[in-house]
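Trainee: I would like a close look at one part of this structure, a loop residue with an unusual backbone angle. Please take it slowly, and then place it in the wider chain.

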Amino acid sequence: MGTAAAGEPVVIERAPGVGGELVLRRAGDDYEIISNGVFLMDTRNGESERLLVRACVRGLDGPVRLLIGGLGVGFSLAEALTLPGVAHITLVEREHAVIGWHASALRPWSGGALDDPRVTVRCADLLDVVADPAIGRFDALCLDIDNGPDWTVTPRNARLYAPTGLDLLTRLLTPRGVLAVWSANAAPAFEALLRRRFARVEVHPVPVPRGEPDVIYLAARPRPAE
Ligand SMILES: C[S@@+](CC[C@H](N)C(=O)[O-])C[C@H]1O[C@@H](n2cnc3c(N)ncnc32)[C@H](O)[C@@H]1O
């Protein structure tokens with residue numbers, strides 16, 4: 001582990017990943033994950049990542065079966081475990097290295113959540129998982145694998161936000177189920193797609209210290225197929 005002036009990032013580890021090279025950097029007391037050359041997540045401010053799960057399960061009486069796509073630094077997963085009624089979480093993360101970092105540098109942020117008996121960790125590509133009928137159905141789907149529908153970390157991920165991806169996600173929802181999608185910016189074309197596909201859509205902007213607000217998209221009550 002190198003030393004650095006406060007705030008100046010130092011590379012802690014590089015690892016080959018399914019979606020390109022993964023880099024874990026430390027900047028002062030914080031950590032950053034870069035994947036395939038795309039800045040993906042850091043430990044500085046998890047407000048919108050926590051809201052993603054809180055907003056998704058709000059109003060659902062327990063027991064709630066939840067799927068979280070994308071581990072990152074673990075803000076969403078750790079938050080989900082604090083919510084009453086959350087009975088089981090399937091956590092899908094495609095990168096072994098990211099999961100491994102939660103046994104070391106990132107452990108303070110996930111707080112041992114990966115070892116919680118309510119959590120099943122699947123090291124797999126979310127696009128393969130949602131296409132697998134054996135995965136079952138969920139009351140809450142919380143997706144945060146990219147910087148948003150318009151800014152994916154690898155090109156294949158874009159399929160998730162297209163009509164065919166939304167069809168697969170819709171099939172995973174229980175009748176009361178809610179889909180939540182995180183984005184680093186407003187994604188109007190994706191919102192329009194959600195409004196065509198679901199009778200209930202909510203858009204929650206979350207202010208951030210610099211730049212455009214993060215946005216949480218919620219969708220429920222799928223419309224009958226056209
Ligand atoms: C922005 S981070 C998630 C942030 C997380 N919500 C948090 O609280 O820290 C995105 C994560 O999704 C993972 N990921 C990207 N594409 C994926 C895919 N197709 N399937 C599963 N995981 C994926 C990345 O490796 C990364 O760990």
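Mentor: Asn 36 counts as partly exposed because it has 16 C-beta neighbours inside 10 Å. On this scale a residue is buried if 20 or more other C-beta atoms lie within 10 Å of its own, exposed if 12 or fewer, and partly exposed in between, with C-beta atoms placed from the backbone. This is a predicted model, in which local features need pLDDT of at least 70 and side-chain atom pairs count only at pLDDT 80 or more, while totals for chains, interfaces and linings use all residues. Residues are numbered from 1 along each chain as its sequence is written.

Asn 36 has a positive phi of about 55°, although it is not a glycine. Asn 36 sits in the loop between β3 (30–35) and β4. Helices (H or I, at least four residues) and strands (E, at least two) are DSSP runs, numbered from the N terminus.

Arg 221 also has a positive phi, near 55°, and is a residue other than glycine. Arg 221, however, lies in strand β11 (residues 214–222). With 13 C-beta neighbours inside 10 Å, Arg 221 counts as partly exposed.

Another backbone feature is the cis peptide bond from Gly 62 to Pro 63, with omega near -5°. Pro 63 belongs to the loop between α1 (47–57) and β5 (64–69).

Strand β4, which follows the loop of Asn 36, leads to the ligand. There are 26 residues around the ligand, and Glu 49, Gly 70, Gly 72, Phe 75 and Leu 126 come nearest; a residue is near a molecule if its C-beta atom, placed from the backbone, lies within 6 Å of it. β4 (38–42), α2 (75–80), β6 (86–93) and α5 (126–130) are the elements that give two or more residues to this shell. By type, the shell residues divide into 11 nonpolar, 9 polar and 6 charged. Here Ala, Val, Leu, Ile, Met, Phe, Trp, Tyr, Cys and Pro count as nonpolar, Asp, Glu, Lys and Arg as charged, and the others, Gly among them, as polar.

As for the whole protein chain, it has 7 helices and 11 strands. Of its 226 residues, 41% count as buried. The C-alpha atoms fill a box of roughly 55 × 35 × 30 Å, taken along the principal axes. Among contacts (C-beta atoms, placed from the backbone, within 7 Å) between residues at least 6 apart in sequence, 65% join residues at least 24 apart.

Note on methods
Contact = placed C-beta atoms within 7 Å.
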